[in-house]
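Reader: Hi, could you walk me through this one slowly?
Author: Of course, ask whatever you like as we go.

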Amino acid sequence: MFDALERLSNGGKRMRALLAYWGWRSAAYATGRVPDSGADPVTLGMSLELFHAAALIHDDIIDRSDTRRGAPSVHKGFERLHQREGWHLDAGRFGMAAGILTGDLCLASSEELFGSLSEFSPHFAAARTRFNLMRSEVMAGQYLDVQEEAVGPGYEPEHAVNRAMNVLTYKSAQYSVVHPLILGALLGGADSALTAGLEEFALPVGKAFQLRDDVLGVFGDPKVTGKPAGDDVREGKRTVLIAHTLAAATPQEREWLGRELGRADLSAQDIDAVRRLMEDTGALAATESLIDQLRVQAEQALRSLNVDELTRAALSDVAVGAMSRAA
């Protein structure tokens, strides 16, 4: 299990750990201290990376994803191990069981690391409350995501965008950007004014980050993203991009898209047809426009933040990377 975790953890952007560090550093300067090389942000970053790894492992099982970061997803890696060794019983079932357990191991390790901060951080209590909130929100957001797929076309399409944004906020935006940044700031002793300002910057970045992920899930280059193009469509994801498409489509187009969503056997030609519909209905343009609006909000909030210039530049770099990435 540790070998599988090491392979998974060798990739990725380390965005959550970076945000935790810059949140911690912003608080240190705001309180008149020059940051030292204390273990707080490093330990927090490791804890967040392990929590993220758990989310990825479990998410790939839920979504039946075969690949992650250009390699077999963790549960598929265990399935191949079973096949290679010629073990007994069902390889797929073994893979899923071992994947779930590896994800659970990540969660336990993440908690162990975070709990160790209580030994040397005077601001641990405030961070603990935020850490617990982050974990609960991710589970709730993941459930809402699964529920949206299960309900399918039963919801009114005119409300699909609002529902998709709700899932996006709790499943991804908060835990990917907002909570890591605020957790670092809280461990650094940030006051309520600084945390409010950081949150005003982080929330639009987090939303734009996931919206970009939605676009890449359909239009991205598999060689860059490390996942097959169109996987979100095959998995039946009710993303904001899909929601805009459903809202703008004709009744006939909506009925056709409803049949296509969640079909694991969709061909490359089928995915191309979905892409054309997204472009023809203006759904892709609407999603890109929303990303641009969120970028402006984040830039305005960043200019107003009471942080040192190095922190401001670093947060700007993270935000640009999150919103404009190709993978």
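Author: One term comes up straight away: buried means under 20% relative accessible area, exposed over 50%, and partly exposed in between, with a 1.4 Å probe and protein chains only. This is a predicted model, in which local features need pLDDT of at least 70 and side-chain atom pairs count only at pLDDT 80 or more, while totals for chains, interfaces and linings use all residues. Residues are numbered from 1 along each chain as its sequence is written, and side-chain values use heavy atoms, with hydrogens and water left out.

Reader: Ok, so is Y21 buried, exposed or partly exposed?
Author: Y21 is partly exposed, because its relative accessible area is 31%.

Reader: And which kind of aromatic pair do Y21 and W22 form?
Author: Their pair is edge-to-face, at 4.9 Å centre to centre and 75 degrees between the planes; rings of Phe, Tyr and Trp (its six-membered ring) pair if their centres lie within 6.5 Å, and planes under 30 degrees apart count as stacked, over 60 as edge-to-face and the rest as tilted. Y21 also pairs with W24, in a tilted arrangement with 6.0 Å between centres and 40 degrees between planes, and ring pairs link Y21, W22 and W24 into a cluster.

Reader: Is W24 buried or exposed?
Author: W24 counts as buried, since its relative accessibility is 5%.

Reader: New topic: what is E49 in contact with?
Author: Leaving aside neighbours within four places in sequence, E49 is in contact (heavy atoms within 4.5 Å) with R14, M15, R16 and A17. E49 is buried, with a relative accessible area of 17%.
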